[in-house]
Amino acid sequence: MWARLVSYVFHPLLMPTYLFSLLAWALPTSMEPIRPDQHLKFIFFIFIVTFLLPFLNVGIFKAFGTIRSFSLPERKERLIPFSFISVIYVVVTYLFHSQTQMNLNDNFLKFMVIIDMLVIVATVTTFFFKVSVHTISAWGIIGMMVPLTKISQMNTLFYPTIGFIILAGIIMSARLQVGAHSSREVMWGSVLGLATSVAGMLILF
């Protein structure tokens with residue numbers, strides 16, 4: 001029961017919302033050029049476009065019989081939904097750039113690009129073998145938080161980063177407990193998530 005609850009609460013599509021909520025609280029400057037008084041509105045918008053919109057998209061696939069379950073237990077079932085989700089994330093990032101005049105000098109857009117990279121890596125990998133997207137997303141966030149903790153002059157992200165590393169371990173255990181993935185799939189997810197986000201941070205920051 002606890003493992004399913006952890007899997008639902010820390011669903012990969014919710015991770016961008018958690019990440020930006022944490023950054024807005026612990027390191028507001030990382031959200032630039034978004035002003036602090038606009039953080040809540042942007043986080044709500046992020047929730048809509050990175051969780052609700054993709055979730056509804058998967059729901060449509062289930063309604064039409066393209067997939068059998070929201071949990072997508074089979075690798076081949078994941079290909080079409082993951083591809084559509086990748087398109088949604090990239091389009092949303094592009095709209096942020098084109099409609100708000102943000103560019104890669106702005107922290108917020110840099111994080112969106114790294115999130116896009118994680119989604120695309122998860123999608124491309126799924127064409128070859130099944131991998132835990134829960135662990136890709138969890139370790140992807142850690143791969144962003146660790147460099148931020150190092151380069152930030154404030155220590156406000158240190159304890160949240162430690163907490164998230166512990167949480168990632170819990171998420172990995174949960175995915176094994178519910179039988180959704182093998183230990184190999186979970187470990188590959190953590191490696192891909194960490195490597196992708198660290199590479200993104202090194203390139204963009």
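## Salt bridges

In this predicted model, Arg68 is exposed, with a relative accessibility of 60%. Its partner in a salt bridge is Glu77, with a separation of 3.4 Å from N to O. Glu77, in contrast to the exposed Arg68, is buried, at 12% relative accessibility. Glu77 is classed as buried because its 12% falls under the 20% limit for that class.

The structure contains two salt bridges. Besides the pair of Arg68 and Glu77, there is one between Arg35 and Asp37, whose closest N and O atoms lie 3.2 Å apart. Arg35 is partly exposed, its relative accessible area being 47%, while Asp37 is exposed at 59%. Side chains of opposite charge can pair when their charged atoms come close.

## The nonpolar surface patch

A nonpolar patch of about 780 Å² lies on the surface. The residues that make it are Trp2, Val146, Phe158, Tyr159, Ile162, Ile165, Ile166 and Ile170.

## Helix H7 and Ile170

Helix H7 spans residues 158–177 and gives the most to the nonpolar patch, contributing six residues. One of the patch residues, Ile170, is located in helix H7. Ile170 is partly exposed, with a relative accessibility of 36%. Because patch residues need over 30% relative accessible area, the 36% of Ile170 meets that cut-off.

Definitions and conventions. Residues numbered from 1 in each chain as written. Predicted model: local features only at pLDDT ≥ 70, side-chain atom pairs only at ≥ 80, totals over all residues. Heavy atoms only, no water. Salt bridge = Lys/Arg side-chain N within 4 Å of Asp/Glu carboxyl O. Buried < 20%, exposed > 50% of the residue type's maximum accessible area, 1.4 Å probe, protein only. Patch = residues over 30% accessible without salt bridge, like charges linked within 9 Å, V, L, I, M, F, W, Y side chains within 5 Å. Areas by Shrake-Rupley, 256 points an atom, 1.4 Å probe, with all protein chains shown as cover. Helix = DSSP H or I, 4+ residues; strand = E, 2+ residues; numbered from the N terminus.
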